[in-house]
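This report describes the fold, the nonpolar core, the aromatic pairs and the salt bridges of one protein chain. The sequence and the structure are shown first.

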Amino acid sequence: NERPVILSSTGIVTTKDNVSVGNVADGMLFTVDTVSNAQVWAADLPRDITRNVSLVTNPQGGGNPDLKIDPGLLLRFAPSAGIKARAGRFEVGGAYFTSDLSDPRLRSWSGLSFEGTARGSLKHSVVALAGVGSIGAVDIKSEGQGTPIQVAYNQLLRSNASAITVG
């Protein structure tokens, strides 16, 4: 098998306690570019993310684009891919974010950003090899609706730009 799981739809998929061995790549390939409903990404198979994933309000209504990433999940990003929270809530506690190291010359991924009305937190996590140009590994441009974005107790390693940018 080339991949154990390929997720190319915005539907909710629950995975738990899976093991994948002997595939070309043992991670879950994530090719979705929007999250417009509430989702929890559990610590399971690593996620290989090939696009910018944006949290956006569902144009047809029906809930907030909330994304919670559980402790222990490994997320590997292709060059220039990242997660952009533009609305809803983005909560991360104890995850590991890094680049897809399949090509060591292309180590940079665009990082994590809070924009628009997004709110949330990034705590007890590792963010490695991220940031592009003047944009940091963690970029905060969110109005936050009066709720501060909490970035605390993280390891920001080998950023290709600033570790955190606010503005």
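Two residues are in contact when heavy atoms of theirs lie within 4.5 Å. The model discussed here is predicted. Among contacts in the protein chain between residues at least 6 apart in sequence, 65% join residues at least 24 apart.

**Overall architecture**

The protein chain contains 18 strands and 0 helices. It has 167 residues, of which 44% count as buried. The exposed area comes to about 8,200 Å², and carbon and sulfur atoms supply 50% of that area.

**Strand 10 and its partners**

Strand 10 covers residues 89-93. It is joined to strand 7 by 3 bridges, and these two strands run parallel. Within this pairing, Ile69 has Val92 of strand 10 as its bridge partner. Strand 10 is also joined to strand 13 (residues 119-123), here by 5 bridges and again in a parallel arrangement. Glu91 has Ser121 of strand 13 as its bridge partner.

In a regular strand the side chains alternate between the two faces of the sheet. Strand 10 shows such an alternation: Phe90 and Val92 point to one face and are buried, whereas Arg89, Glu91 and Gly93 point to the other face and are not buried.

**The nonpolar core**

In soluble globular proteins, nonpolar side chains tend to be buried together. The largest nonpolar core of this model has 31 residues, and those that touch the most other members are Trp41, Ile69, Leu75, Ile83, Phe90 and Phe97. Two or more residues of this core come from each of strand 6 (52-55), strand 7, strand 8, strand 9 (82-85), strand 10 (89-93), strand 12 (111-116) and strand 15 (138-142).

Ile83 illustrates how the core is connected. Beyond its neighbours within four places in sequence, Ile83 is in contact with Trp41, Val53, Leu55, Ile69, Phe77, Phe90, Phe97, Gly111, Leu112 and Ser113.

**Aromatic pairs**

A pair of aromatic rings is described by the distance of the centres and the angle of the planes. The structure holds 4 aromatic pairs. One of them joins Phe77 and Trp109, whose ring centres are 4.1 Å apart and whose planes meet at 5°; the pair is therefore stacked, as planes under 30 degrees apart count as such. This pair links distant parts of the chain, with Phe77 in strand 8 and Trp109 in the loop between strand 11 (96-99) and strand 12, 32 residues apart. Phe77 and Trp109 are both buried.

Another pair is formed by Phe90 and Phe114, with ring centres 5.6 Å apart and planes at 45°, so this pair is tilted. It too links distant parts of the chain: Phe90 lies in strand 10 and Phe114 in strand 12, 24 residues apart. Phe90 counts as buried because its relative accessibility is 0%, and Phe114 counts as buried because its value is 1%. Ring pairs also link Phe77, Phe97 and Trp109 into a cluster.

**Salt bridges**

Side chains of opposite charge can pair when their charged atoms come close. A search of the whole structure finds 5 salt bridges. The table lists some of them.

| Acidic residue | Basic residue | N to O distance |
|---|---|---|
| Asp48 | Arg76 | 2.5 Å |
| Asp70 | Lys68 | 2.9 Å |
| Glu115 | Arg86 | 3.0 Å |

The pair of Asp48 and Arg76 links distant parts of the chain, with Asp48 in strand 5 (residues 47-49) and Arg76 in strand 8, 28 residues apart. Asp48 is buried, with a relative accessible area of 10%, while Arg76 counts as partly exposed at 24% relative accessibility.

The pair of Glu115 and Arg86 also links distant parts of the chain: Glu115 belongs to strand 12 and Arg86 to the loop between strand 9 and strand 10, 29 residues apart. Glu115 is buried, with a relative accessible area of 16%, whereas Arg86 is partly exposed at 38%.

Asp70 is located in the loop between strand 7 (67-69) and strand 8 (74-77). At 18% relative accessibility Asp70 counts as buried, since the limit for that class is under 20%. Its salt-bridge partner Lys68 counts as partly exposed at 42% relative accessibility. Beyond its neighbours within four places in sequence, Asp70 is in contact with Val40, Trp41, Ala42, Ala43, Gly93 and Ala95. Among these contacts, Trp41 is one of the core residues that touch the most other members.

Conventions
Residues are numbered from 1 along each chain as its sequence is written. This is a predicted model: local features need pLDDT of at least 70, side-chain atom pairs count only at pLDDT 80 or more; totals for chains, interfaces and linings use all residues. Side-chain values use heavy atoms; hydrogens and water are left out. Helices (H or I, at least four residues) and strands (E, at least two) are DSSP runs, numbered from the N terminus. Buried means under 20% relative accessible area, exposed over 50%, partly exposed in between (1.4 Å probe, protein chains only). Accessible areas come from the Shrake-Rupley method with a 1.4 Å probe; for residues, only the protein chains shown count as cover. A nonpolar core is a set of buried Ala, Val, Leu, Ile, Met, Phe, Trp, Tyr and Cys residues joined through side-chain atoms within 4.5 Å. Rings of Phe, Tyr and Trp (its six-membered ring) pair if their centres lie within 6.5 Å; planes under 30 degrees apart count as stacked, over 60 as edge-to-face and the rest as tilted. Two strands pair if DSSP finds at least two bridges between them. A salt bridge is a side-chain nitrogen of Lys or Arg within 4 Å of a carboxyl oxygen of Asp or Glu.
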